[in-house]
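Me: I'm new to this one and I'd like to know how the labels people put on a structure are earned. Can we go through some of them together?

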Amino acid sequence: MSSKELQALFNNKNDNEKYDLVLKRMIKQDNLWFLDKEGELVFYTNEERKNFVPLWSDEELALSNPPTNSNIKAVEMDVETFLLQFTVFLFNSQTQLVISPTPNDEQMIIQNALAFARDLIEVIRVEQSEEKALYYLGELKKIIKM
């Protein structure tokens, strides 16, 4: 899907509808996108000095975000790796997620890592299977208790 088509998909939707659409697209495509600079996750800091990581559902949208002529690039991660490895890292570092459906969005959707993982798992339950969702929930609970 082109950037224009994606923009049209998200137009005229409120933040909750955009968030749901992003989650469904991530699960359907089995990946999500973030920014990387020379092998390191790109963090941004808000006014309160809290770290956050931007995430996108589509390559086209992620690619439109790194500054031109920089070492920052958009990188994909499969949903399972995100749920079973990345979520815990983000949770432990108290890093918020900023879901940016399109480059023109003025409002960012901010979520903590565990809530975002829970929401992804719920979409897996609805869109794929209860068994797969229960597997991810069980694995995530084991990891968090460590």
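**Loops, sheet and helix**

Reply: Sure. Let's begin with Arg49, which sits in the loop between β3 (44-45) and β4 (51-55). Keep in mind that this is a predicted model.

Me: Why is Arg49 called exposed?

Reply: The cut-off for exposed is over 50% relative accessible area. Arg49 has 70% relative accessibility, so it counts as exposed. Its phi is also near 70 degrees, a positive value in a residue that isn't glycine.

Me: What makes Asn12 count as exposed?

Reply: Same kind of check: the label needs over 50%, and Asn12 comes in at 82% relative accessibility, so it qualifies as exposed. You'll find Asn12 in the loop between α1 (3-10) and α2 (15-29). Asn12 is a non-glycine residue with a positive phi, near 60 degrees.

Me: On to the sheet. What makes β4 and β6 a pair?

Reply: Two strands pair if there are at least two bridges between them. β4 and β6 (residues 96-99) are joined by 4 bridges, and they run parallel. Across that pairing, Phe52 stands opposite Gln96, and Pro54 faces Val98.

Me: How do you know that β6 and β7 pair too?

Reply: Again, at least two bridges are needed, and these strands have 4, this time in the antiparallel sense. One example is Ile99, whose bridge partner in β7 is Ile109.

Me: What order do the strands take in the sheet?

Reply: It's an open sheet of 4 strands, ordered β3-β4-β6-β7, with mixed pairing. β3 and β7 (109-112) are called edge strands, as each pairs on one side only. Helix α2 packs on this sheet, touching β4, β6 and β7, and its direction makes about 60 degrees with that of β7. Helix α5 packs on the sheet as well, touching β4, β6 and β7, at about 100 degrees to the direction of β7.

Me: How do you know that the length of α5 agrees with what a helix should span?

Reply: Helix α5 covers residues 113-127, which makes 15 residues. At 1.5 Å a residue it should span 21 Å, and its end C-alpha atoms are 21 Å apart, so the two agree.

Me: Which residues of α5 are buried?

Reply: Buried means under 20% relative accessible area. In α5, the buried residues are Ala113, Ala115, Phe116, Ala117, Asp119, Leu120, Ile121, Val123 and Ile124.

Me: And what does Asn112 reach at the start of α5?

Reply: A side-chain oxygen of Asn112 comes within 3.1 Å of the backbone nitrogen of Leu114. The limit for a polar contact is 3.5 Å.

Technical notes
Residues are numbered from 1 along each chain as its sequence is written. This is a predicted model: local features need pLDDT of at least 70, side-chain atom pairs count only at pLDDT 80 or more; totals for chains, interfaces and linings use all residues. Side-chain values use heavy atoms; hydrogens and water are left out. Helices (H or I, at least four residues) and strands (E, at least two) are DSSP runs, numbered from the N terminus. The expected span of a helix is 1.5 Å times one less than its number of residues. Buried means under 20% relative accessible area, exposed over 50%, partly exposed in between (1.4 Å probe, protein chains only). A polar contact is a pair of N or O atoms within 3.5 Å; within protein, one must be able to donate a hydrogen and the other to accept it, and residues adjacent in sequence count only if both atoms are side-chain atoms. Contact means heavy atoms within 4.5 Å. Axes are lines fitted to C-alpha atoms, for helices over the stretch in contact, and angles run from 0 to 180 degrees between N-to-C directions.
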